[in-house]
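User: I'm new to this structure and would like a close look at one part of it. Could you walk me through a single helix and the places around it?

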Amino acid sequence: FKGGDTCEYLLSSGRFLGEKVWQPHSCMMHKYKNSEAKNCLIDKHVVFIGDSRIRQLFYSFIKLINPQVKEEGIKHGNIPFEDKSASIKVDFLWYPEVNGSMRQRIKSWTEGSVAKPHIIVVGAATWSIKIHNGSNEALAQYKINITSIAPLLEKLAISSDVYWVLQDPVYEDMLSESRKMITNEKIDAYNEAAVRILNSSSRNSKAKVKVFSVSKLIAQETIMKSADGLHLPESSRDTNAMILMNVYCNKIMKPIDGSCCQPQPPLTLIQKIAFCFFTLSIFGYLIISLIHRNNYRKNKSCTDLESGEEKKPAISTPNVSTLEMLLHCFCKLGLIMTYFYLCDRANLFMKENKFYTHSSFFIPIVYILVLGVFYTENTKETKVLNREQTDEWKGWMQLVILIYHISGASTFLPVYMHIRVLVAAYLFQTGYGHFSYFWIKGDFGVYRVCQVLFRLNFLVVVLCIVMDRPYQFYYFVPLVTVWFMIIYATLAVWPQIVQKKANGNCLWHFGLLLKLICLLTCIYFLSYSQGAFEKIFSFWPLSKCFEMNGNVYEWWFRWKLDRYVVFHGMLFAFIYLALQKHQMISEGKGDPLFSNRVSNVLLFISIVSFLAYSIWASSCKNKTECNELHPSVSVVQILAFILIRNIPGYVRSVYSSFFAWFGKISLELFICQYHIWLAADTKGILVLIPGYPMFNVLVSTFIFVCVAHEISQITNDLAQIVVPKDNSTLLKRLLCIAGFFSGLHFFSAMQDQSRH
């Protein structure tokens with residue numbers, strides 16, 4: 001930890017990821033769009049002063065505002081640019097040497113009531129080397145001139161952003177004869193003089209000229225691609241312009257994936273209250289633990305004075321009280337949430353941009369698959385989609401999704417489409433699992449509903465408070481929560497049709513199918529009626545949960561993307577349980593699911609369907625078009641996988657304990673990755689150990705998995721306390737929870753008011 005000013009890192013250090021992606025040291029750089037650049041620079045005046053290299057930077061900068069600009073200005077003259085729609089003025093002033101003329105222009109901005117530019121970018125030296133044939137006298141005069149200009153620049157830096165661009169190296173072999181005197185040795189001498197003189201007299205940190213030295217590092221890697229050995233290739237100067245935009249605009253626009261130059265966000269009122277609560281929980285737990293320990297020591301052993309032997313106390317160690325367990329859970333959770341905050345809200349740990357390569361995605365995939373196969377064990381039961389098998393399925397899918405996120409593979413469309421199937425498979429399991437439970441058990445009690453809702457939402461609610469994020473930000477949890485409630489409402493509404501009732505009269509099966517058809521009709525209607533969908537979820541208090549950036553479009557998009565797959569899961573569960581009831585499938589150990597002929601035919605069709613979907617997904621050219629087809633066709637690969645995994649008796653009788661272990665904490669892994677494995681709300685990568693990417697991933701992954709496992713245990717422990725089986729106690733707890741959310745809403749409203 002070297003301090004919170006990531007601007008210095010952005011301006012001075014970094015490396016290339018691949019050939020064109022620049023990664024600043026310790027922070028993330030946002031790629032600004034034209035609209036964002038205009039919003040940032042509205043009513044601003046920017047000035048570039050210097051030679052042809054600065055002119056290149058000027059053109060790259062204004063192309064961020066207007067990409068249609070062509071480099072048609074006078075080569076050795078001033079070039080104005082204005083965007084009237086946003087009142088932005090950007091000027092290039094031709095001053096190829098640091099001399100009296102440049103000093104006079106800069107001095108004019110420091111005098112009287114002359115309007116000062118908001119951003120000033122200055123740099124020059126190669127003309128001085130060229131005109132004076134690289135003489136030492138020219139260097140001495142350069143030092144004198146910079147010494148006279150430096151106080152003026154420092155004075156301007158009090159109210160404006162002033163950048164001095166150091167000279168880039170040249171590719172000496174490509175220089176023309178008239179430029180042969182411009183050597184890298186001379187350039188280094190001029191740069192050294194500029195760095196030593198600038199800011200030497202300034203004691204005020206606000207009056208510092210920012211030295212733009214990162215351009216040198218970029219040029220060292222790319223100058224070989226220069227057309228003349230002097231001027232940078234277009235991609236390099238575009239990178240410099242983007243760095244300049246990040247330095248100035250990040251603190252104004254506050255992009256999530258632009259951590260460079262962003263100050264640490266202030267603690268909100270709700271975060272302060274949460275901090276106080278967790279602190280009190282930690283102290284409370286320590287006090288109770290000390291009291292219990294002292295009592296235990298007093299009763300631990302008593303010496304019989306006559307025999308001289310120790311006697312064990314008649315009273316055993318007292319059971320842990322509900323209060324102590326509650327404080328213990330909140331104590332651990334408080335420490336974990338502190339780690340979350342330090343990782344992704346405080347400017348303590350470094351963050352880096354993702355960069356996708358095929359090897360960074362596929363090599364870890366192969367590695368975990370080999371590990372998963374190595375840890376193969378026999379299942380306790382051999383039913384289709386038994387508990388071990390579904391845990392295994394969740395586990396390997398979650399690991400693949402994690403690798404997909406950290407490698408930035410969303411930029412590769414075939415991988416993106418296959419990952420969409422994995423997300424759909426989670427929702428398929430939601431439909432299958434909850435339908436099976438309600439259909440077989442017939443338990444529609446409040447206790448069951450509260451248990452499921454608590455386990456799904458506890459971690460996300462805590463993160464919304466601690467990390468100051470909306471509920472919809474963790475989109476998967478709202479998705480499975482809403483679908484659980486839809487499944488519950490579909491089956492619980494009159495007439496309640498369960499397996500026990502349907503076994504007495506086959507007509508009830510048709511009644512259930514009618515319910516499912518009604519559900520499908522509603523899904524179809526809402527998916528093609530965005531207005532109706534938004535009206536439903538725009539009512540308070542639903543709007544507080546599902547709005548993001550002031551509207552529910554993001555929620556509608558996420559819901560629509562996998563709208564049919566939960567229905568498919570419910571329908572599959574109904575058909576499977578019906579076949580099982582009528583003994584039309586064989587689930588004995590080692591037995592194929594159907595007769596040999598039927599099993600072989602279904603297995604062949606499943607393999608062909610699985611591969612056909614993969615071929616289609618791999619041939620996708622347009623993400624929007626493929627997303628439109630995805631809700632209808634994703635079930636093909638899901639069903640194909642289920643049949644391939646369950647038709648052969650041996651395959652159904654074994655499972656991977658490695659994957660199943662991860663499957664048991666898959667929800668926690670999915671949510672925790674947002675802040676303590678990835679960074680900047682999943683946009684980047686958390687860097688605990690800079691300079692060693694592989695070692696960093698190993699360490700951060702180990703901590704991340706341990707934290708997810710611990711949170712899973714905390715959630716299970718708290719679920720037993722917060723959601724008791726006794727109805728009267730449960731009602732009291734629900735009233736307390738309602739009061740908690742009312743208070744949360746009150747403080748949230750206060751926060752919003754203070755922000756406005």
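What follows is a walk around one helix, with a few loops added at the end.

User: Please take helix H15, residues 446-466. Is H15 largely enclosed or left open by the rest of the structure?

Analyst: Before we zoom in, keep in mind that this is a predicted model. The protein has 756 residues, and 50% of them are buried. Its secondary structure comes to 29 helices and 15 strands, and the C-alpha trace spans about 100 × 85 × 50 Å along its principal axes. Of the contacts with a separation of 6 or more, 77% are between residues 24 or more positions apart.

Now to H15 itself. It is largely enclosed by the rest of the structure, because 17 of its 21 residues are buried. To count as buried, a residue needs a relative accessible area under 20%.

How about the length of H15? At 1.5 Å a residue, its 21 residues should span 30 Å, and the end C-alpha atoms are 29 Å apart, which agrees. There's a bend to look for as well: H15 turns by about 45 degrees at Asn 457. Once you get past the helix, you'll meet Asp 468, with a positive phi near 55 degrees.

Next, step back along the chain to helix H14, residues 413-441, where you'll find Phe 438. Phe 438 has a relative accessible area of 1%, so it counts as buried. Leaving out residues up to four places away in sequence, Phe 438 touches Arg 448, along with Asp 443 and Phe 444. Arg 448 falls inside the range of H15, residues 446-466, so that's one spot where you can trace a link from H14 to H15. The other residues that Phe 438 touches are Phe 484, Ile 487, Tyr 488, Leu 491 and Val 498. Take Leu 491 as an example: Phe 438 and Leu 491 are 53 residues apart in sequence, yet their C-alpha atoms are 7.4 Å apart in space.

If you carry on along the chain, you come to Pro 495, in the loop between helix H16 (476-492) and helix H17 (499-504). The peptide bond from Trp 494 to Pro 495 is cis, with omega near -5 degrees. You'll find another cis bond from Trp 540 to Pro 541, with omega near 5 degrees. Pro 541 sits in the loop between helix H19 (530-537) and helix H20 (542-546).

One more stop, in the other direction: the loop between strand S12 (376-378) and helix H13 (387-407), which holds Val 384. Val 384 is buried, with a relative accessible area of 5%. Beyond its neighbours within four places in sequence, Val 384 is in contact with residues including Tyr 432, Tyr 576, Glu 587 and Arg 652. Val 384 and Ile 647 are 263 residues apart in sequence, but 8.7 Å apart in space from C-alpha to C-alpha.

Leu 385 lies in that loop between S12 and H13 too. Though not a glycine, Leu 385 has a positive phi of about 50 degrees, and at 8% relative accessibility it counts as buried. Cys 261 also has a positive phi, near 65 degrees. You can find Cys 261 in the loop between helix H9 (234-253) and helix H10 (269-300), and it counts as buried at 8% relative accessibility.

Definitions and conventions
Residues numbered from 1 in each chain as written. Predicted model: local features only at pLDDT ≥ 70, side-chain atom pairs only at ≥ 80, totals over all residues. Heavy atoms only, no water. Helix = DSSP H or I, 4+ residues; strand = E, 2+ residues; numbered from the N terminus. Buried < 20%, exposed > 50% of the residue type's maximum accessible area, 1.4 Å probe, protein only. Contact = heavy atoms within 4.5 Å. Expected span 1.5 Å × (residues − 1). Bend = angle between axes of the 7 residues up to and from the residue.
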